[in-house]
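Work through the exercises below with the sequence and the model open. Try each task before reading its solution.

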Amino acid sequence: MIYRIKFGVIEILQSFLITFREGLEMSLIVVIVLAYLIRTGRVRFVNQVWIGVSLATVLSIIAGGILFTVGAAFEGRNEEIFEGVAMILTAGVLTWMIIWMKGQARGIRGQLEGQVELAITQGSTFTLAGIAFLAVIREGLETALFLFGVSQTTTPMQTGLGGVLGLLVAVAVGWILYRGSHRINFRSFLTSTGVLLILFAAGLLAHGIHEFQEAGLLPIFVEHVWDINFIIDEKGTMGSLLKGLFGYNGNPSLLEVIAYPAYLILALAIFFKPIRETSVDA
């Protein structure tokens, strides 16, 4: 099983980064919708937005609770298989989210404002609440999945503390943006955090492969291509830092050595591929 790292800032940073990014994306979407309603004199519709946000938040928390409860019920080989599936699935969904969101960044404001205007014009407050609900529930379910993936390499306290701190900071930043005292370059934010999360996803992929090999679902070929733990011990301070953020393994198997760089090259190539779009940035 994966080595459980002791309490530390680096381990907390994993879940903090996940929830901060996801939380800020949710906050920015809500801010765009609320700002448009206020700017166009539709303050009476603000409550509908908060209804959608509240419902999505509650359902996301319930979904996260179910996921963690199911995961805790497995033991032995079944636990290794479940954790392997969770980490590889998390890496895949995380990668898709990063690339998809970067492509949407240019026109997200116009798209949201157009949807809000259409909902109001058609007299559908249900649709207006649904816009906020769908935006938040998508990010909320992704966050629950990502936190579960992170929890396989950290303790529950580290995951919970980092997750709560990330959400609190994201909400605070969203409130500052809502008050209009600051602006944020959404594309720069997505690019910088996207690269970090791709590196993080590569580590999750490697960990997932490791779990499948321990469960006997994947061949090992070469158990340890090298062993540099005597230089950087993965259980030491620096090793824990690299393991927590980038999936460092001092004695990886051949399949892990192949999968890690292959994923990074492919994911970064797609991420930095120029976007053919002419719409105005959010």
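The exercises that follow concern a predicted model.

**Exercise 1. Overall make-up**

Task: State how many helices and strands the chain has, and what share of its residues is buried.

Solution.
1. The secondary structure consists of nine helices and zero strands.
2. Of the 282 residues in the chain, 47% are buried.
3. The accessible surface is about 13900 Å², and carbon and sulfur atoms account for 70% of that area.
4. Among contacts with a separation of 6 or more, 84% join residues 24 or more positions apart.

**Exercise 2. The largest nonpolar core**

Task: Find which residues have the most contacts inside the largest nonpolar core, and which elements give two or more residues to it.

Solution.
1. The largest nonpolar core holds 33 residues, and Leu37, Val49, Val116 and Leu128 have the most contacts inside it.
2. Two or more residues come from each of α1 (9-39), α2 (46-72), α4 (108-121), α5 (125-151), α6 (156-179) and α7 (186-214).
3. The element that gives the most is α1, with twelve residues.
4. Take Val49 as a worked case: leaving out residues up to four places away in sequence, Val49 touches Val30, Val33, Leu34, Leu37, Leu128 and Ala132.
5. Another core, of 23 residues, lies apart from this one and includes Met87, Ile209, Tyr263 and Leu264.

**Exercise 3. Helix α6 and Tyr178**

Task: Compare the span of α6 with the expected one, then decide whether Tyr178 is buried, partly exposed or exposed.

Solution.
1. α6 has 24 residues and spans 34 Å from its first C-alpha to its last, close to the 34 Å expected at 1.5 Å a residue.
2. Buried positions in α6 include Gly162, Gly163, Gly166, Ala170 and Gly174.
3. Tyr178 is in α6, and its relative accessible area is 27%.
4. The partly exposed class runs from 20% to 50%, so Tyr178 is partly exposed.
5. Not counting residues up to four places away in sequence, Tyr178 touches Val31, Leu34 and Ile38.
6. Tyr178 and Val31 are 147 residues apart in sequence, yet their C-alpha atoms are 5.5 Å apart.

**Exercise 4. Salt bridges**

Task: For the salt bridges of Arg39 and Arg42, name the partner and the N to O distance.

Solution.
1. Side chains of opposite charge can pair when their charged atoms come close.
2. The whole structure contains four salt bridges.
3. Arg39 pairs with Glu113 at 3.1 Å, N to O.
4. Arg39 is in helix α1 and Glu113 in helix α4, 74 residues apart, which links distant parts of the chain.
5. Arg39 is exposed at 52% relative accessible area, whereas Glu113 is buried at 16%.
6. Arg42 pairs with Glu117, with the closest N and O atoms 3.0 Å apart.
7. Arg42 lies in the loop between α1 and α2 and Glu117 in helix α4, so this pair ties together parts 75 residues apart in sequence.
8. Arg42 is buried at 16% relative accessibility, while Glu117 is partly exposed at 25%.
9. Besides Glu117, the contacts of Arg42 beyond four places in sequence include Tyr36, Leu37 and Ile120.

**Exercise 5. A nonpolar surface patch**

Task: List the residues of the nonpolar surface patch and classify Leu59 by accessibility.

Solution.
1. The patch is formed by Leu55, Val58, Leu59, Ile62, Ile66, Val70 and Phe74, with about 570 Å² of accessible area together.
2. Leu59 sits in helix α2.
3. With 37% relative accessibility, Leu59 is partly exposed.

Conventions
Residues numbered from 1 in each chain as written. Predicted model: local features only at pLDDT ≥ 70, side-chain atom pairs only at ≥ 80, totals over all residues. Heavy atoms only, no water. Core = buried A, V, L, I, M, F, W, Y, C linked by side-chain atoms within 4.5 Å. Buried < 20%, exposed > 50% of the residue type's maximum accessible area, 1.4 Å probe, protein only. Helix = DSSP H or I, 4+ residues; strand = E, 2+ residues; numbered from the N terminus. Contact = heavy atoms within 4.5 Å. Patch = residues over 30% accessible without salt bridge, like charges linked within 9 Å, V, L, I, M, F, W, Y side chains within 5 Å. Areas by Shrake-Rupley, 256 points an atom, 1.4 Å probe, with all protein chains shown as cover. Salt bridge = Lys/Arg side-chain N within 4 Å of Asp/Glu carboxyl O. Expected span 1.5 Å × (residues − 1).
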